[in-house]
Each structure stands twice: as C-alpha cells, then as structure tokens.
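Work through the two exercises below with the coordinates open, and compare each step with the solution that follows the task.

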Amino acid sequence: MIRAMRPVIIAANWKMNTTPADAGELAREIARRTRVDGVTRVICPPFLCLAAVRDALAEADPDVAIGAQNVHHELAGAYTGEISAPMLDGLATWVILGHSERRRDAGETDELIGAKLARAVEAGLRPILCVGEQLADREAGRAIAVAEAQLGGCLTGLDPGRLGAAQLVIAYEPVWAIGTGRNARGSDAAAMAEAIRSTLSGLGWGETSRDVPILYGGSVTAANIGEFFAEPSIDGALVGGASLKPDEMAGIVGRAGLTAAARLAAIA
Ligand code: PEP
C-alpha cells in the first residue's frame with residue numbers, strides 16, 4: 001500500500017507575548033515572509049489576540065492556520081477565567097495541548113490533558129499534543145520511557161480512529177531545550193519520533209501511527225532547523241521564541257519548504 005506523505009508543519013507558539021494592538025501586524029509580516037509551497041503554517045497567539053490575528057490573516061494570507069495555546073477540559077460551567085473548546089469557533093482551528101509550561105505552571109496532568117484532547121476533538125480542533133522529558137530524565141536514560149508514559153496517560157481511553165480523523169500532531173519537546181537556547185540533537189529527536197510512533201502503535205493505532213506528524217520543539221531557530229529536517233521521521237517544528245521574529249520564521253519555513261519539495265519529489 002502506498003501511504004500518503006506526511007505534511008510538513010511549522011507551528012508558532014507565541015506564548016504570553018503580543019497584544020491585540022500589535023499581534024495582527026506581526027501575523028501579517030510572518031505570513032508575508034513565509035509564503036512557501038507545501039508547508040502548513042500555524043500561528044498560536046494568546047487567546048486575547050486570536051481575533052486580531054484572524055482578521056489580519058483573512059486579508060494577508062488565509063492559508064495560515066490559527067491555533068490556541070490551551071483549552072479547558074469541560075465544555076462550559078463554573079470555571080472562572082477559563083476558555084472552552086467550543087468558544088474558539090471562528091477563531092482557531094488548531095490547539096496546543098500539554099505544553100510543558102502548562103504542566104509546570106498549571107499543574108496539568110496527563111489525565112487532564114487527555115480530557116482536554118477529547119473536548120478539542122469534539123469541537124473540531126486539530127490538536128498538537130506536547131510530550132518531553134526533563135534534563136534529569138535524559139541524563140538517566142529515561143527520556144523515551146517518560147514520553148511513552150505521557151502518551152499512555154494522555155491517550156488511553158481515547159479512540160485512535162477519532163484522534164486520527166482529527167489529524168492529531170505530536171510535538172516532542174524536551175523540557176530542558178525549551179527557551180534555553182540548547183536544542184536536542186537531530187538524531188535524538190528522530191529516535192524519540194520512532195519511539196512515539198511505536199508507542200502509538202501499541203496504544204491501538206497500528207499502522208496508522210506512521211501517518212501521525214511529529215514535530216520537534218525546543219530552541220528551534222533558522223540556524224538549527226536543518227538538523228531536524230535531515231531526519232525523515234521529523235515532520236516539522238513547534239517554535240517558541242524564534243516565532244516572534246519574522247526573519248527567523250522566514251528562514252525556518254524556507255527550510256521546511258525544501259523538505260516538503262523533496263518529499264513530494266520522492267512520491268512523484
Ligand atoms: C515552545 O514554546 O514550544 C518552544 C519550543 O519554545 P522555544 O522555541 O522558545 O524553545
């Protein structure tokens with residue numbers, strides 16, 4: 001059977017940066033500088049900036065998708081200050097879930113992240129699920145075991161068919177590489193991607209685990225993205241700090257375009 005090629009994806013996580021007054025202009029500039037065939041681009045601004053980014057991209061480049069950085073695990077109710085998945089209707093089509101900064105600052109557990117995944121999929125959002133180890137885990141040789149446990153905790157009980165139809169994306173984000181300027185080696189990210197796909201297979205995904213896009217995240221820049229795209233098992237990047245810089249995004253998406261073109265040529 002010939003499998004369809006996996007998409008090449010660059011997702012920008014703006015974290016708690018930008019305001020409604022400046023987010024639209026930044027989105028417009030990034031969109032203008034990253035028009036490259038074959039690359040799925042996603043911008044994930046803060047909730048408050050979603051409408052400004054939507055309006056800017058509708059005019060500048062509707063091909064750029066918009067994502068949220070989180071959703072609540074319930075649909076509605078007495079949850080002061082929270083945002084639920086259905087509230088994103090018309091604002092976002094993607095969502096980042098399980099980011100290590102939320103695991104750290106909001107105490108999110110794998111079980112809670114699994115509930116958020118379910119709500120996101122019910123609302124028609126495409127989830128980017130983040131997993132990744134702490135430095136001590138990597139140094140102790142436990143990196144893969146940690147990611148396997150996170151995947152098991154987040155995905156057990158969820159229907160692989162439903163998540164597959166929602167086009168789940170997984171981001172491998174070693175915690176020690178996020179915002180530190182210290183990126184993982186491409187070969188380690190590739191080994192993790194293989195482990196993630198075999199874990200999915202063990203969780204009931206079978207052969208379709210090969211179709212799940214896996215991104216690397218952790219201090220990605222235009223200068224180091226090539227190391228990750230040199231690995232055929234890596235399908236793109238979740239970019240934090242560098243995603244606020246149009247020059248960096250132009251370089252990262254430009255390099256992603258080379259991989260997209262090479263993949264297309266390989267199946268042509
Ligand atoms: C992230 O926020 O997911 C991330 C990887 O951040 P940075 O690129 O800044 O390390």
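A polar contact is a pair of N or O atoms within 3.5 Å; within protein, one must be able to donate a hydrogen and the other to accept it, and residues adjacent in sequence count only if both atoms are side-chain atoms. The model is predicted, with local features needing pLDDT of at least 70 and side-chain atom pairs counting only at pLDDT 80 or more, while totals for chains, interfaces and linings use all residues. Residues are numbered from 1 along each chain as its sequence is written, and side-chain values use heavy atoms, with hydrogens and water left out.

**Exercise 1.** Describe the surroundings of the ligand and its polar contacts.

Step 1. The ligand is surrounded by 14 residues (a heavy atom within 4 Å), the closest being K15, E173, G179, S219 and G241.

Step 2. Sorted by class, this shell holds 4 nonpolar, 8 polar and 2 charged residues.

Step 3. Polar side-chain atoms approach oxygen atoms of the ligand at 2.8 Å from K15 and at 2.9 Å from H99, whereas G240 offers a polar backbone atom 2.8 Å from a ligand oxygen.

**Exercise 2.** Which residues touch the most other members of the largest nonpolar core?

Step 1. A nonpolar core is a set of buried (under 20% relative accessible area, 1.4 Å probe, protein chains only) Ala, Val, Leu, Ile, Met, Phe, Trp, Tyr and Cys residues joined through side-chain atoms within 4.5 Å.

Step 2. Among the 66 residues of the largest such core, those touching the most other members are I10, W14, L155, I196 and Y216.

Note on methods
Nonpolar A, V, L, I, M, F, W, Y, C, P; charged D, E, K, R; others polar. Buried < 20%, exposed > 50% of the residue type's maximum accessible area, 1.4 Å probe, protein only.
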